[in-house]
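The following exercises concern a predicted model. Each task is followed by a solution that proceeds step by step.

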Amino acid sequence: MADYVISPPAISSIPVAGGGSFPVRRVFCVGRNYAEHAREMGSDPDREPPFFFMKPADALLLNDADMPYPPQSTQLHHEMEMVVAIGVGGANIAAADALSHVWGYAAGLDMTRRDLQNAAKKEGKPWDMGKGFDWSAPIGLLVPASKIGHPSKGLIELKVNGKVRQTSDLSKMIWDVPEMIAYLSGLVTLAPGDLIYSGTPENVAAVERGDLLEGTVEGVGSVTTRIV
Ligand code: MN
């Protein structure tokens, strides 16, 4: 046993539908991966290669848990996304081989302190504090690709207090799952336990304390949280 001078941190993990637990190493997120969302954020979706940012693994919030409204923000936005879980690592993975590296999928929310993100963008500063704060990554049960396959189309939807806020189709991703894995694994060596939040469709908006968020990804599952 290592001679740790403090207690080592717990390993973040997410429950798997049907039993078991998936240990999480890193959480990557793809920015502006649906054209209509890229446009609403003021950029040109046709010219940008995919780009990535990260959240700490302990920012994950398990399904049905309450999400505390974060400090230092008055503009907490929802971003409904499909999450890809990497089971087999690698560098420079070819798009044609990429799906063999995927263990499973989940529905997730990339919660964003939009006011802090916008201020950082304006000043050319990092997004981390707008994106990677405590409990900023609610996530549903993970489902194995061995059971559901690799969804490339299907409804992605978020309801807030029972009303539809975001609705789109997985087929509208600018960079699909194999392409995002190919790009990302050219930047870093992917490892088992890595998650990739695959981007949100349009109509991101603010939530308030008390709001109930219920997201679904067709063929994958759901994610639910209440803002408190
Ligand atoms: Mn996002």
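**Exercise 1.** Determine whether glutamate 81 and aspartate 110 are buried or exposed, and state where each is placed in the chain.

*Solution.* Step 1: the cut-off for a buried residue is under 20% relative accessible area. Step 2: both glutamate 81 and aspartate 110 are buried. Step 3: the protein donors of the manganese ion are Glu79 (OE), Glu81 (OE) and Asp110 (OD), at 2.0 to 2.1 Å from the ion. Step 4: glutamate 81 belongs to strand β8, whereas aspartate 110 sits in the loop between β9 (102-109) and β10 (112-113); the pair, 29 residues apart, thus links distant parts of the chain. Step 5: the sequence spacing of the donor residues is E-x1-E-x28-D.

**Exercise 2.** Explain why glutamate 79 counts as buried, and describe its surroundings.

*Solution.* Step 1: glutamate 79 is found in the loop between β7 (76-77) and β8 (80-86). Step 2: glutamate 79 counts as buried because its relative accessibility is 4%, and the cut-off is under 20%. Step 3: its side chain forms a polar contact of 3.2 Å with the side chain of lysine 131. Step 4: beyond four places in sequence, the residues touched by glutamate 79 include His37, Asp110, Arg114, Lys131 and Gln166.

**Exercise 3.** Characterise the largest pocket by volume and lining.

*Solution.* Step 1: the largest pocket holds about 150 Å³ of space. Step 2: among its lining residues are Met82, Leu99, Tyr105, His150 and Asp176. Step 3: by class, the lining comprises eight nonpolar, three polar and one charged residue.

Conventions
Residues are numbered from 1 along each chain as its sequence is written. This is a predicted model: local features need pLDDT of at least 70, side-chain atom pairs count only at pLDDT 80 or more; totals for chains, interfaces and linings use all residues. Side-chain values use heavy atoms; hydrogens and water are left out. On a 1 Å grid over the protein atoms alone, a cavity is a set of points where a 1.4 Å probe fits but cannot get out, and a pocket is an open set with protein on both sides within 12 Å along at least five of seven lines; lining residues have an atom within 4 Å of a point. Grid points are joined across faces, edges and corners, and a volume is the space filled by probe spheres set on the points. Ala, Val, Leu, Ile, Met, Phe, Trp, Tyr, Cys and Pro count as nonpolar, Asp, Glu, Lys and Arg as charged, and the others, Gly among them, as polar. Helices (H or I, at least four residues) and strands (E, at least two) are DSSP runs, numbered from the N terminus. Buried means under 20% relative accessible area, exposed over 50%, partly exposed in between (1.4 Å probe, protein chains only). A polar contact is a pair of N or O atoms within 3.5 Å; within protein, one must be able to donate a hydrogen and the other to accept it, and residues adjacent in sequence count only if both atoms are side-chain atoms. Contact means heavy atoms within 4.5 Å. Donors are N, O and S atoms within 2.8 Å of the metal (3.2 Å for Na, K and Ca); water is not among the atoms, so sites may look incomplete.
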